[in-house]
Amino acid sequence: MVKKIALFNHKGGVSKTTTTFNLGWMLASKGKRVILVDTDPQCNLTGMALKEETEADEARIENIYSTHSNIKTGLAPAFESQPRAIEAVNCIPISEQVGLFLLPGHVGFGEYEVTLGIAQELSGSIQTLKNLPGAIYDLLEKTAIKFNADYILIDMSPSLGSINQNLLMISDFFLVPTTADFFSVMAIDSLARILPKWCAWARKASENPVLKEATYPFPEFRLKFLGTIVQNYRIKNGKETKAFETWIEKIENTVKNKLKPILDYNQLLLPHQDYNQQGMNDSFTITKIPNFNSLIARSQEHSIPIYALKPEQLKQYGQSLENSQDKQKEFKTTFSDLADKIIALSLSYAVST
């Protein structure tokens with residue numbers, strides 16, 4: 001059974017896309033079959049994975065979008081009342097990494113926001129729009145079956161709209177990427193307020209008889225929290241700089257004191273021993289990822305993870321090359337450990353349920 005993991009933070013600029021891409025690649029390198037799903041209308045994950053540098057690249061991408069191989073056209077049968085059922089999307093294999101696939105995003109995906117929002121009010125309009133709340137889940141499940149996927153990683157937009165509400169509530173797990181700054185503290189505080197409302201809605205939706213009888217039934221609510229990722233902080237002499245260390249501490253305290261009680265009350269936590277076995281405490285920090293500066297740009301340029309860049313792709317020599325390669329090794333270790341933790345946590349939940 002596929003495990004759907006949402007990467008969600010309604011604050012932008014927290015490296016959700018970079019994390020999704022690097023994590024998906026690492027999971028695939030460990031023998032898992034992974035689908036990366038781009039649900040952000042900015043389509044940054046799609047651009048990173050498909051690479052768009054030459055006219056030939058642009059023609060290839062245009063050809064992909066002339067088919068039903070993207071999130072919007074895949075959902076069109078439900079949202080645009082087309083006379084056909086939702087079918088699995090023909091995902092795009094990611095070159096150079098076996099077992100990794102992309103379900104491309106679409107700039108127009110946000111057009112479905114308003115209609116989905118009306119459907120999710122569960123009011124008088126629910127009979128007419130009953131097929132919409134379960135449509136995204138149906139698309140992802142069918143696509144996972146077609147590609148025999150072990151994991152689906154969902155790169156979400158920075159918003160609190162109805163699409164993100166739906167995506168998070170149909171997922172099995174979620175990660176919260178953050179950056180070491182004041183605005184991430186605010187975002188976690190905000191998340192603690194919005195989660196109870198969304199969870200209450202999801203439980204109500206999963207029990208709604210109209211949605212149960214829909215063509216695309218809304219699934220059982222089973223979301224669990226995997227942890228937070230703190231990234232883009234600076235390292236000096238092997239430690240976080242003082243300013244960043246302060247914000248990391250504030251983020252972890254906010255998670256512990258404000259978010260954890262909400263997660264606990266809404267039954268979004270795995271058994272505590274599962275987190276403890278992965279070296280996580282009550283701050284639920286699953287990993288910390290420093291700022292790797294120019295390596296990010298090279299990774300995006302070549303559409304491969306930072307840790308997989310070859311020396312000729314780094315375009316560096318001498319000491320600069322050695323320094324970058326040391327950072328690559330560190331980055332690879334970080335993402336390998338992160339992937340191992342996610343595999344262990346998700347498997348423990350599968351066994352327990």
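Helices, given as H or I runs of at least four residues, are DSSP runs numbered from the N terminus. The model used in these exercises is predicted.

**Exercise 1. Place A144 and describe its surroundings.**

Task: State which element holds A144 and whether A144 is buried or exposed. Then list its contacts beyond the sequence neighbours.

Solution.
- Step 1. A144 sits in helix 6. Helix 6 covers residues 135–147, 13 residues in total.
- Step 2. Check the span. From first C-alpha to last, helix 6 reaches 19 Å, close to the 18 Å expected at 1.5 Å a residue.
- Step 3. Apply the cut-off: buried means under 20% relative accessible area. A144 has 4%, so A144 is buried.
- Step 4. Put A144 among the buried residues of helix 6. These are A135, I136, D138, L139, L140, E141, T143, A144 and F147.
- Step 5. List the contacts. With neighbours within four places in sequence set aside, A144 touches V2, I35, A149 and I152.
- Step 6. Take V2 from that list. A144 and V2 are 142 residues apart in sequence, yet their C-alpha atoms are 6.5 Å apart.
- Step 7. Look past the helix end. N148 follows helix 6 and has a positive phi, near 50°.

**Exercise 2. Describe helix 10 from start to end.**

Task: Find the span of helix 10, the site of its kink and its buried residues.

Solution.
- Step 1. Helix 10 runs over residues 242–265 and has 24 residues.
- Step 2. Its first and last C-alpha atoms are 34 Å apart, close to the 34 Å expected at 1.5 Å a residue.
- Step 3. Locate the kink. A bend of about 45° lies at L259, shortly before the proline P261.
- Step 4. List the buried positions: F244, I248, I251, E252, T254, V255, L259, K260 and L263. The kink residue L259 is thus one of the buried residues.
- Step 5. Go on to Q267, which follows helix 10. Q267 lies in the loop between helix 10 and helix 11 (272–277).

**Exercise 3. How do helix 8 and helix 10 pack?**

Task: Give the distance and angle between the two axes, name the orientation and break down the contact by class.

Solution.
- Step 1. Choose the descriptors. Two packed helices are described by the angle between their axes and the distance between the axes.
- Step 2. Read both. The axes of helix 8 (residues 182–207) and helix 10 come within 9 Å and cross at roughly 5°.
- Step 3. Angles under 35 degrees count as roughly parallel. Helix 8 and helix 10 are therefore roughly parallel to each other.
- Step 4. Name the residues. Helix 8 brings F182, S184, V185, I188, D189, L191, A192, L195 and P196. Helix 10 brings W247, K250, I251, T254, V255, K258, L259, I262 and L263.
- Step 5. Sort the contact by class. It has 13 nonpolar, two polar and three charged residues.
- Step 6. Look at F182, which lies in helix 8. With a relative accessibility of 43%, F182 is partly exposed.
- Step 7. Relate F182 to P261 of the kink region. The two are 79 residues apart in sequence and 21 Å apart in space, C-alpha to C-alpha.

**Exercise 4. Set C43 against Q267.**

Task: For each residue, state its phi and decide whether it is buried or exposed.

Solution.
- Step 1. Neither residue is a glycine, and C43 and Q267 each have a positive phi of about 60°.
- Step 2. Place C43. It is found in the loop between strand 2 (34–38) and helix 2 (44–50).
- Step 3. Compare accessibility. C43 has 13% and counts as buried, whereas Q267 has 55% and is exposed.

**Exercise 5. Examine two loop residues, K30 and S159.**

Task: Locate K30 and S159, then list what each touches.

Solution.
- Step 1. K30 is in the loop between helix 1 (16–29) and strand 2. Its 32% relative accessibility makes K30 partly exposed.
- Step 2. Beyond four places in sequence, K30 touches S336, A339, D340 and I343. K30 and I343 are 313 residues apart in sequence and 10.0 Å apart, C-alpha to C-alpha.
- Step 3. S159 is in the loop between strand 5 (151–155) and helix 7 (162–169). At 22%, S159 is partly exposed.
- Step 4. Under the rule that leaves out residues up to four places away, S159 touches F8, H10 and N164.

Methods
Residues numbered from 1 in each chain as written. Predicted model: local features only at pLDDT ≥ 70, side-chain atom pairs only at ≥ 80, totals over all residues. Heavy atoms only, no water. Expected span 1.5 Å × (residues − 1). Bend = angle between axes of the 7 residues up to and from the residue. Buried < 20%, exposed > 50% of the residue type's maximum accessible area, 1.4 Å probe, protein only. Axes fitted to C-alpha atoms, helices over the stretch in contact; angles between N-to-C directions. Parallel < 35°, antiparallel > 145°, perpendicular 65-115°, else oblique. Contact = heavy atoms within 4.5 Å. Nonpolar A, V, L, I, M, F, W, Y, C, P; charged D, E, K, R; others polar.
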